[in-house]
Amino acid sequence: MKASVRKRLVRQSMPWLLGALLLACWQIASTRSGVSHAILPAPSEVLHAFAQYRSALTEHALHTVVTSLIGFFLALIGGVLLGLAVGASPVIYSGVYPLLVAFNAIPKVALLPLFVLWCGIGFLPAILTAFSLAFFPIVVNVATGLATIEPEMEDVMRALGARRDEILLKVGIPRSLPYLFAALKVAITLAFVGSVISETVASNEGIGVLMMAASSRFEVSLVFAGIIVIAALAIAFYGICGLVENYMAHWAFRARGGQ
Amino acid sequence: MNLQLVSAREPIVQERPVDARPFINLKSVSLAYDGDAGLTLDRVSMDVGQGEFVAVVGPSGCGKSTLMKLVTGLLPATSGEVIVDGGIVRGPIKGVGMAFQNATLMPWRTTLKNVLLPLEIVQPFKRDRWRKRAEHAARAQAMLDAVGLGAFGAKFPWQLSGGMQQRANLCRALVHEPKLLMLDEPFAALDAFTREELWGVMQALWLQRRFSAILVTHDLREAVFLADRVFVMSKKPARVICERRIDLPRPRTIEGSFEPHFIDLVHEMRGKIIEARS
């Protein structure tokens with residue numbers, strides 16, 4: 001019992017220890033190596049930048065969060081609906097799937113000029129980019145969850161006289177929830193990637209804008225501060241997705257000692 | 001031949017009123033799967049009386065499971081007629097209880113909620129599923145009690161052993177009191193002792209409720225233990241090659257399965273199957 005508690009503590013502190021170690025290496029490398037601080041600022045300088053630009057960072061980060069989340073939720077709604085359709089109907093599957101693969105292969109950066117052309121500069125292209133990145137994994141996973149229902153489970157339902165929508169509701173959707181949440185964790189980070197990319201090109205607000213402005217003024221420590229903010233936000237939202245997943249689909253984790 | 005065998009032994013007769021009109025009637029049913037050369041089932045004729053327990057045995061891969069799907073209407077017959085409860089089967093017939101080798105319980109539902117599933121789908125329970133919620137839960141709980149799972153309703157299926165999952169599976173198959181229970185090798189994946197235990201559970205449930213049942217199995221002892229009649233199928237294309245009434249009194253016991261007459265019956269079945277395989 002005691003050993004298991006210690007094991008868990010060690011496991012939980014590992015990411016912090018590793019993070020601290022990386023920071024320490026970084027600090028030593030940038031102070032001792034003689035590399036110009038204009039190229040690689042020390043973590044202490046980045047911390048300083050945090051303090052100095054706190055209000056600007058918060059404001060822009062908030063903007064990025066909002067656009068990412070809007071894009072993410074649109075992708076969630078659209079992805080689940082299309083995923084259900086694709087997974088439930090072989091006809092829709094054969095029609096839509098190749099197009100989806102083609103769409104996913106397009107580099108979203110290449111779409112940005114189009115988005116800007118259609119929506120102008122601002123938060124709309126950022127939302128669209130976030131959406132277009134987050135959409136695909138959700139569709140694919142929901143469809144996979146539906147397509148891998150055990151045929152016996154379906155037979156039991158059909159022999160009871162269940163209609164197709166009842167089978168979907170009582171078997172298909174619960175069955176695909178773990179797949180959906182696995183996709184959401186990927187999608188939320190992709191949504192951040194999408195909105196920041198879009199901001200660096202075509203926006204007046206957001207972490208991406210702040211970073212572009214900082215780098216053009218050679219304030220490299222602020223650029224790093226921006227990177228860290230994005231990373232921290234992604235981890236936070238990934239964690240939230242994980243918590244919701246744990247609550248909604250805890251049964252899927254039984255193999256990892258969920259009993 | 002049947003007569004001969006029975007008269008050679010002391011009379012073990014347990015008279016049950018047999019409904020004149022069979023509950024299930026297969027009239028020369030054939031089935032060919034798409035893109036499959038040859039028939040899977042070849043002019044199979046078979047009948048099951050109201051409240052009768054029938055077992056189907058045969059070499060593996062002979063299409064026994066296909067037969068189950070035909071009877072429940074999950075598959076349409078290529079030719080011939082399937083009649084259940086007086087009506088020709090044209091699509092999935094409703095409210096049949098089914099249990100497979102794999103318990104197929106839903107891991108996101110507790111055991112009790114799993115047993116409740118048919119009551120959410122089958123009429124007239126479905127209509128009352130909100131108003132009579134407590135009543136339905138009590139009914140599911142009573143089912144679990146009947147198979148000795150009373151204390152496990154709140155557990156999830158993956159927290160139960162294989163034997164317990166299969167018990168819960170039987171509960172789910174029977175909670176809505178179907179007239180017909182289809183069993184597709186439900187005990188095949190269990191260890192020998194658990195399996196024998198569940199034969200007893202199955203028999204008790206059947207004696208109490210008297211639904212019609214079709215059991216598909218490889219296990220000849222299982223077939224003889226549970227069934228009123230056993231059908232032996234040939235290898236593919238499957239035909240019924242023999243039908244045997246099991247004239248053992250009920251309730252049958254595991255002890256009884258080591259009596260000479262029981263063993264003779266198993267032996268006889270075995271001979272037929274060996275014949276069918278060759």
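This is a guided tour of a predicted model, with selections to make in chain A and then in chain B.

**Chain A as a whole**

Begin by displaying chain A alone as a cartoon. Its secondary structure consists of ten helices and zero strands, so the pattern read along the sequence is α-α-α-α-α-α-α-α-α-α. Along its principal axes the C-alpha trace of chain A spans about 75 × 60 × 30 Å. Colouring by burial shows that 37% of the 259 residues of chain A count as buried. Among contacts in chain A with a separation of 6 or more, 75% are made by residues 24 or more positions apart.

**Helix α6 of chain A**

Select residues 123-147 of chain A, which form helix α6. The helix has 25 residues and reaches 36 Å from its first C-alpha to its last, close to the 36 Å expected at 1.5 Å a residue. Is α6(A) enclosed by the rest of the structure, and how many of its residues are buried? The count is 22 of 25, so α6(A) is largely enclosed by the rest of the structure.

Next, centre the view on F135(A). A kink of about 30 degrees lies at this residue of α6(A), and the proline P137(A) follows shortly after the kink.

**Two exposed positions in chain A**

Move to P90(A), which is found in helix α4, residues 90-105 of chain A. P90(A) has 10 other C-beta atoms within 10 Å and is therefore exposed. Add A147(A) to the selection: 57 residues separate it from P90(A) along the chain, and the two C-alpha atoms are separated by 9.3 Å.

For a second pair, select A236(A) in helix α10, residues 220-248 of chain A. Because it has 12 C-beta neighbours inside 10 Å, A236(A) counts as exposed. E152(A) lies 84 residues from A236(A) along the chain, and their C-alpha atoms are separated by 40 Å.

**Helix α9 of chain A**

Select residues 207-216 of chain A, helix α9. Its buried residues are I207(A), G208(A), V209(A), L210(A), M211(A) and A214(A). To see what covers these buried residues, display the surrounding helices, including α3 (54-88), α8 and α10 of chain A. Beyond the helix, inspect F218(A), which follows α9(A) and has a positive phi, near 60 degrees.

**The side of chain A that touches chain B**

Now bring chain B into view. The contacts between the chains involve 15 residues of chain A and 19 residues of chain B. On the chain A side, the elements that give two or more residues are α7 (151-160) and α8 (164-202). Which of the elements gives the largest share? It is α7(A), with seven residues. Coloured by residue class, this side of chain A divides into seven nonpolar, two polar and six charged residues.

**The antiparallel sheet of chain B**

Hide chain A and turn to chain B, where four strands form an open sheet in the order β2-β1-β4-β5, with antiparallel pairing. At the edges stand β2 (41-48) and β5 (87-88) of chain B; each has a single partner strand, so one side of each is left without a neighbour in the sheet.

Zoom in on the β5(B) edge. Strand β4, residues 79-84 of chain B, runs antiparallel to β5(B) and is joined to it by two bridges. Here I83(B) stands opposite I88(B) in β5(B).

**Strand β7 of chain B and its partners**

Finally, select residues 180-184 of chain B, strand β7, in which five of five residues are buried. Show the side chains to compare the two faces. L180(B), M182(B) and D184(B) are buried on one side, and L181(B) and L183(B) are buried on the other.

Add the partner strands in turn. Strand β6, residues 97-100 of chain B, pairs with β7(B) in the parallel sense over four bridges, and M98(B) stands opposite M182(B) in β7(B). Strand β8, residues 212-217 of chain B, also pairs with β7(B) in the parallel sense, over five bridges. The bridge partner of L180(B) in β8(B) is S212(B).

To complete the view, display helix α6 of chain B, residues 192-209. Together, β7(B), α6(B) and β8(B) make a right-handed β-α-β unit.

Definitions and conventions:
Residues numbered from 1 in each chain as written. Chains lettered and ligands numbered in written order. Predicted model: local features only at pLDDT ≥ 70, side-chain atom pairs only at ≥ 80, totals over all residues. Buried ≥ 20, exposed ≤ 12 C-beta atoms within 10 Å, placed from the backbone. Expected span 1.5 Å × (residues − 1). Bend = angle between axes of the 7 residues up to and from the residue. Contact = placed C-beta atoms within 7 Å. Nonpolar A, V, L, I, M, F, W, Y, C, P; charged D, E, K, R; others polar. Pairing = 2+ DSSP bridges. Right-handed = clockwise from strand over helix to strand, strands pointing away.
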